[in-house]
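Please read these notes with the model open beside them. They are meant for going through point by point.

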Amino acid sequence: MTDSLKLFTFAFGCAIVQCGLLQSNAVAQFPTAGPEYDVLKDDAGEWDVEITSYASGTPEVTKGIESNRMLGDFWLISNFEGKMMGLEFKGHGTTGYDAEAKKYVGTWVDSLSPGIMHMKGDYDKDKKTMTLVGIAPGMDGNPAKHRLTTVYKDGRRVMTMYITLKGGEETKFMQLAYTRKEK
């Protein structure tokens with residue numbers, strides 16, 4: 001083996017070792033879930049849902065189910081099935097925490113709308129209330145501001161959705177009362 005080939009082999013070997021060390025350091029620097037994620041982890045599980053819709057002007061009560069699981073330590077994945085306004089309804093959501101913006105973030109898609117809602121908001125630990133705001137198609141198909149306020153109490157939660165109509169008036173659209181299913 002020539003001296004230049006030995007030098008190349010030594011340098012190449014050092015580069016591989018260095019790369020391995022860099023990779024192992026990168027693994028050690030993965031983020032960890034802080035206390036901001038506790039509220040999301042508490043939502044994991046199976047839930048019975050009582051849905052009260054105010055869309056027709058007269059409250060209509062139906063039932064639904066929601067199944068939530070954590071994707072790793074950072075994302076709550078929600079699957080919802082129920083009946084709303086006489087129609088079968090399925091929805092899928094994600095909720096996480098943006099540590100840089102210090103905001104909770106989420107997405108929502110469902111079987112009654114071709115649009116996706118991107119939400120952002122805060123959790124008030126003292127009031128045990130999460131408030132998320134997003135823009136999504138309203139009942140008329142036009143973009144509308146949605147505000148979702150979820151209050152956590154005694155192992156249950158109640159989410160109330162408000163929609164801001166064209167005139168700027170915020171209207172209560174629906175309320176969902178969640179009760180954890182018995183294991």
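The numbered points below go from the whole chain to single residues.

1. Overall make-up. This is a predicted model. Its secondary structure comes to two helices and ten strands. The order is simple: starting at the N terminus, the elements run α-α-β-β-β-β-β-β-β-β-β-β. Both helices thus precede the strands in the chain.

2. Burial and surface. The protein has 183 residues, and 30% of them are buried. Its accessible surface is about 11,800 Å². Carbon and sulfur atoms hold 58% of that surface.

3. Long-range contacts. Take the contacts with a sequence separation of 6 or more. Of these, 29% join residues 24 or more positions apart.

4. The largest pocket. How much space lies in the largest pocket? The computed figure is about 860 Å³. There are 44 lining residues, and those closest to the pocket centre are Trp108, Met117, Leu148, Met159 and Met161. By class, the lining splits into 28 nonpolar, twelve polar and four charged residues. Strand S4, residues 87-98, gives the most to this lining, with five residues.

5. Thr149. This residue sits in strand S8, which spans residues 143-153. Is Thr149 buried or exposed? Its relative accessibility is 13%, so Thr149 counts as buried, the cut-off being under 20%. Its side chain makes a polar contact of 3.0 Å with the side chain of Arg147. Beyond its neighbours within four places in sequence, Thr149 is in contact with two stretches of the chain and one further residue. One stretch is Thr129, Met130 and Thr131. The other is Val158, Met159 and Thr160. The further residue is Tyr162.

6. Thr160. Follow the Thr149 contact across to Thr160, which lies in strand S9, residues 156-164. Thr160 is buried too, because its relative accessible area is 10%. With residues up to four places away in sequence set aside, Thr160 touches Arg147, Leu148 and Thr149. Thr160 also touches Lys172, Met174 and Gln175. Two of these names recur from earlier points: Leu148 is among the residues closest to the pocket centre, and Arg147 is the polar partner of Thr149.

7. Two positive phi values. Most residues other than glycine have a negative phi. Lys128 is not a glycine, yet its phi is positive, near 50°. Asp154 is likewise not a glycine, and its phi is about 55°. Where do they lie in the chain? Lys128 is in the loop between S6 and strand S7, residues 129-137. Asp154 is in the loop between S8 and S9. Lys128 counts as partly exposed, because its relative accessible area is 45%. Asp154 has a relative accessibility of 69%, so it counts as exposed. Both backbones deserve a look in the viewer.

8. Pro114. Which loop holds Pro114? Pro114 is in the loop between strand S5, residues 103-110, and strand S6, residues 117-124. Its relative accessible area is 87%, so Pro114 is exposed. Gly141 is 27 residues away in sequence. In space, the C-alpha atoms of Pro114 and Gly141 are 9.1 Å apart.

How values were computed: Residues numbered from 1 in each chain as written. Predicted model: local features only at pLDDT ≥ 70, side-chain atom pairs only at ≥ 80, totals over all residues. Heavy atoms only, no water. Helix = DSSP H or I, 4+ residues; strand = E, 2+ residues; numbered from the N terminus. Buried < 20%, exposed > 50% of the residue type's maximum accessible area, 1.4 Å probe, protein only. Polar contact = N/O pair within 3.5 Å; in protein donor to acceptor, adjacent residues only side chain to side chain. Contact = heavy atoms within 4.5 Å. 1 Å grid on protein atoms, 1.4 Å probe; cavity = no way out; pocket = protein on both sides within 12 Å on 5 of 7 lines; lining within 4 Å. Points joined across faces, edges and corners; volume = space filled by probe spheres on them. Nonpolar A, V, L, I, M, F, W, Y, C, P; charged D, E, K, R; others polar. Areas by Shrake-Rupley, 256 points an atom, 1.4 Å probe, with all protein chains shown as cover.
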